[in-house]
Amino acid sequence: MDLKGSKVLVIGGSGFIGSAIVRRLIAEDVKEIIIYDNFVRGKYENINDCLTDSRVRVYEFGGDIRDIDILDDAMKGVDYVFHLAAMWLLHCKDYPRTAFEVNIAGTFNVLEACVRNKVKKLVYSSSASVYGDALEVPMTENHPFNNKNFYGATKIAGEAMCTAYNDRYGLPVVGLRYMNVYGPGQDQHAAYTGVIPIMLNKIDMNESPLINGDGTQAYDFIYVDDVADCNISALKSAMNLGFYNVGTGVQTTIKELCDLILKLKGTDLKVRFKPYDADDARQFVKNRIAALKRRKRKSTLNMVFHWKKACLN
Ligand SMILES: NC(=O)c1ccc[n+]([C@@H]2O[C@H](COP(=O)([O-])OP(=O)(O)OC[C@H]3O[C@@H](n4cnc5c(N)ncnc54)[C@H](O)[C@@H]3O)[C@@H](O)[C@H]2O)c1
């Protein structure tokens, strides 16, 4: 795809990842970049620097994907769309109906508006949450959808609708399944990556960072600008339909992460560990035992010991 002279709509463009995509798009030879966002989580401070470029503007008549008429109007003459608007994992858990309206019905509206306005390609922000707990590692794109939470369910539905729209109307779509995205401007309430700003804030207050459990929980962390680059590459690619993991393939434990942050900050503070509360500990042990069983390892005794210790403390 040639972006030269094109008009691009970034839905969710004032959010953490969306604003990084807008920044990347500015470096491209595009004619116009429109940010469509209801600012429920997005912020002007994420995009103020972008708005100094005359090609960038916020869609002026609102910006909620639940409003098909406004969305349709915003998409007039648009060549390419990035769709990042979504409710987050923890919000989906607390407000499943709103999550359905935004993540599923809203994505349906985006697809419909794309077809109606003859958009040339859509890049959809999915999530590695579609896989749920790992049944096998590494978690490739062929990993089964083992998700059990509502957020992951909405992303599975979003992907399925993308496939159906591609098949029925020929809309080119690439879906990206992000791992845990970190970087400047991220929210410290994010489900897993929130640990990074929380640690940084603690260190800035000269307090030791606190880890729940023993710090062996491991995640694939990826930097936000790399995710933005993947979005641009997905758009430019000749791919007509596909869903891809976006991660580093490297697992980092919370303890390793914390040690690295302490080292980079050049502080003498030491990491502290807090036992899981009983409920978390039980869930943690349940997950770990299931994971160990799956990997056909014999001994779960060590985990049981941790759990008992955590509950006694
Ligand atoms: N951050 C991560 O680690 C991560 C991991 C996997 C997937 N994702 C997905 O990537 C996308 C972007 O995530 P993010 O971290 O930038 O989150 P974010 O909350 O910062 O960005 C989402 C943006 O969408 C906007 N939005 C929400 N509801 C809307 C609605 N109804 N209409 C219009 N705009 C609306 C918000 O205001 C926000 O600006 C999301 O779809 C998310 O599910 C993120």
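These legends go with a set of close-up views of one predicted model.

**View 1. The whole chain, before we zoom in.**
Start with the full picture: the chain has 313 residues, and 36% of them are buried. Its backbone folds into 11 helices and 12 strands. How many of the contacts between residues at least 6 apart in sequence join residues at least 24 apart? The share is 76%.

**View 2. The shell around the ligand.**
Here you're looking at the ligand with 28 residues surrounding it. The closest are Gly12, Gly15, Gly42, Ala85 and Ala86. Four elements give two or more residues to this shell: helix H1 (16-26), helix H5 (96-116), strand E5 (121-127) and strand E7 (180-182). Which element gives the largest share? That's H1, with 3 residues. As for the chemistry of the shell, 12 of its residues are nonpolar, 12 are polar and 4 are charged.

**View 3. Helix H1, wrapped up by its surroundings.**
Stay with H1 for a moment and look at what lies around this helix. Phe16, Ile17, Gly18, Ser19, Ala20, Ile21, Val22 and Leu25 of H1 are buried. Because 8 of the 11 residues of H1 are buried, the helix is largely enclosed by the rest of the structure.

**View 4. The largest nonpolar core, with Ile11 picked out.**
This core takes in 73 residues. Leu9, Val10, Ile11 and Val227 have the most contacts inside the core. Which residues does Ile11 touch, if you skip its neighbours within four places in sequence? They are Tyr36, Ile65, Val81, Phe82, His83, Leu84, Ala85 and Val110. One of them, Ala85, also turns up among the residues closest to the ligand.

**View 5. Helix H8 and its buried side.**
Helix H8 runs over residues 224-236, which makes 13 residues. From its first C-alpha to its last, H8 reaches 19 Å, close to the 18 Å expected at 1.5 Å a residue. Its buried residues are Val224, Val227, Ala228, Cys230, Asn231, Ala234 and Leu235. Why do these buried residues sit on the same side of H8? They cover an arc of only 155 degrees around the axis, so they end up on the same side of the helix. You've already met Val227, as one of the residues with the most contacts inside the largest nonpolar core.

**View 6. Ile232 and a partner from far along the chain.**
Ile232 is another residue of helix H8. Is Ile232 buried or partly exposed? With 17 other C-beta atoms within 10 Å, Ile232 is partly exposed; a residue needs 20 or more to count as buried. Now find Glu28: it is 204 residues away from Ile232 along the chain, but their C-alpha atoms are separated by 9.4 Å.

**View 7. Lys118 and Tyr169.**
Lys118 sits in the loop between H5 and E5. Its phi is positive, about 55 degrees, although Lys118 is not a glycine. Lys118 counts as exposed because it has 12 C-beta neighbours inside 10 Å. Tyr169, by contrast, belongs to helix H6 and is partly exposed, with 13 other C-beta atoms within 10 Å. Lys118 and Tyr169 are 51 residues apart along the chain, and 9.8 Å separates their C-alpha atoms.

**View 8. Two backbone details in loops.**
The loop between strand E2 (32-36) and helix H2 (44-47) holds Phe39. Phe39 isn't a glycine, yet its phi is positive, near 60 degrees. With 13 C-beta neighbours inside 10 Å, Phe39 counts as partly exposed. For the other detail, move to the loop between E5 and helix H6 (150-169), where you'll find Pro138. What form does the peptide bond from Val137 to Pro138 take? This bond is cis, with omega near -5 degrees.

**View 9. Tyr219 and the residues it meets.**
Tyr219 is part of strand E9, which covers residues 218-223. Tyr219 has 19 C-beta neighbours inside 10 Å, so it counts as partly exposed. Setting aside neighbours within four places in sequence, its contacts are Asn180, Tyr192, Gln251 and Thr252. Tyr192 is 27 residues from Tyr219 along the chain, and the C-alpha atoms of the two are separated by 8.1 Å.

Conventions:
Residues are numbered from 1 along each chain as its sequence is written. This is a predicted model: local features need pLDDT of at least 70, side-chain atom pairs count only at pLDDT 80 or more; totals for chains, interfaces and linings use all residues. A residue is near a molecule or strand if its C-beta atom, placed from the backbone, lies within 6 Å of it. Ala, Val, Leu, Ile, Met, Phe, Trp, Tyr, Cys and Pro count as nonpolar, Asp, Glu, Lys and Arg as charged, and the others, Gly among them, as polar. The expected span of a helix is 1.5 Å times one less than its number of residues. The arc is that of the directions from the helix axis to the C-beta atoms. A nonpolar core is a set of buried Ala, Val, Leu, Ile, Met, Phe, Trp, Tyr and Cys residues joined through C-beta atoms within 7 Å. Two residues are in contact if their C-beta atoms, placed from the backbone, lie within 7 Å.
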